[in-house]
Amino acid sequence: MKKVSLILALVIFFSAVYSNLAQAQNGKWSPQAKGAVIGGLGGAAAGAIIHKRNRAVGGVVGGVAGAGVGYAIGKRTDNKRKEAARVAAANQAAANRAAEARAERAALARRVAAAEKKADLAAQAQKQQQQYPVVANGFAANTPMMLTAANGPVAAGYLPNESYGDRNKAYSTSEVRRKSW
């Protein structure tokens, strides 16, 4: 009877090791299953060694106790891994929200800067309009011509003629001067 139980224990041991190796190659074992198998094999070996009167009973009891302890350790490991993944996902989500908020603030700052620039240009144009008032023909009265699109002859499609109205100066024959009147 002693030899039969020892042979049976060896067959179970080797079949468990072989199935463990075959499953490990597929990579589909959960941490709980790995812990239960390792704990069961270790417990069975320890129980068989410790219980000297009936090694088979010692192996079975040790295997069951080792499998339970191994399962509990595997479950705790799996829970820690899941918690770490949850914390990492929460941190990543917070980082994504912060980056989105920074991008929104930057876009708002660009819009504000563009609006301020537009307001500055409008104020400069208004100041220039007050400084050089435009008369009915589009030229500023007694002032040099300003080449701006907001006022003056450029807005009307003409080029300035500095000698306009001066009878002492000859009219230019260039194409540019012809189109400026």
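Visitor: In which helix of this predicted model is Gln32 found?
Guide: The model is predicted, and its helices are numbered from the N terminus. Helix 2 covers residues 31–50. Gln32 is therefore placed by the DSSP runs in helix 2.

Visitor: Is Gln32 buried or exposed?
Guide: A residue counts as buried under 20% relative accessible area. Gln32 has a relative accessible area of 9%, so Gln32 is buried.

Visitor: Which residues does Gln32 touch, not counting residues up to four places away in sequence?
Guide: Gln32 belongs to helix 2, and helix 2 is included in what covers the buried residues of helix 3. Three of the names sought, Gly70, Gly74 and Asp78, are also listed among the buried residues of helix 3. The full set touched by Gln32 is Gly70, Tyr71, Gly74, Lys75 and Asp78.

Visitor: With which side chain does the side chain of Gln32 make a polar contact?
Guide: Asp78 is in contact with Pro31 and Gln32, leaving aside its neighbours within four places in sequence. A polar contact requires N or O atoms within 3.5 Å. The pair in question lies at 3.4 Å, and the partner of Gln32 is the side chain of Asp78.

Visitor: Is Asp78 buried or exposed?
Guide: The place of Asp78 is in helix 3. The cut-off for burial is under 20% relative accessible area. At 10% relative accessibility, Asp78 is therefore buried.

Visitor: Which side chain meets that of Asp78 in a salt bridge?
Guide: The partner lies four residues from Asp78 in helix 3, and the two are therefore separated by about one helical turn. Residues three or four places apart in an α-helix point the same way, because there are 3.6 residues a turn. At 51% relative accessibility the partner counts as exposed, whereas Asp78 counts as buried. The N to O distance is 3.5 Å, and the partner is Lys82.

Visitor: Which side chain meets that of Arg86 in a salt bridge?
Guide: The count of salt bridges comes to two. In this one, the residues are three apart in helix 3, and so are separated by about one helical turn. The partner is partly exposed, with a relative accessible area of 38%. The N to O distance is 2.6 Å, and the partner of Arg86 is Glu83.

Visitor: How far apart are the end C-alpha atoms of helix 3?
Guide: Helix 3 runs over residues 55–131, a total of 77 residues. At 1.5 Å a residue, the helix should therefore span 114 Å. The distance in the model agrees with this expectation, at 112 Å.

Visitor: How far apart are the end C-alpha atoms of helix 2?
Guide: Helix 2 has 20 residues, and its buried residues include Pro31, Gln32, Gly35 and Gly39. At 1.5 Å a residue, the expected span agrees with the distance between its end C-alpha atoms, which is 28 Å.

Visitor: In which helix is confidence highest?
Guide: The secondary structure of the protein chain comes to five helices and zero strands. The mean pLDDT of the chain is 77, and 64% of its residues reach 70 or more. Confidence is lowest in helix 5 (residues 175–178), at a mean of 51, and highest, at 91, in helix 3.

Visitor: What percentage of the residues in the protein chain is buried?
Guide: The protein chain exposes about 14,000 Å², of which carbon and sulfur atoms supply 63%. Of its 181 residues, the buried ones make up 16%.

Technical notes: Residues are numbered from 1 along each chain as its sequence is written. This is a predicted model: local features need pLDDT of at least 70, side-chain atom pairs count only at pLDDT 80 or more; totals for chains, interfaces and linings use all residues. Side-chain values use heavy atoms; hydrogens and water are left out. The expected span of a helix is 1.5 Å times one less than its number of residues. Buried means under 20% relative accessible area, exposed over 50%, partly exposed in between (1.4 Å probe, protein chains only). Contact means heavy atoms within 4.5 Å. A polar contact is a pair of N or O atoms within 3.5 Å; within protein, one must be able to donate a hydrogen and the other to accept it, and residues adjacent in sequence count only if both atoms are side-chain atoms. pLDDT is the predictor's confidence in each residue, from 0 to 100. A salt bridge is a side-chain nitrogen of Lys or Arg within 4 Å of a carboxyl oxygen of Asp or Glu. Accessible areas come from the Shrake-Rupley method with a 1.4 Å probe; for residues, only the protein chains shown count as cover.
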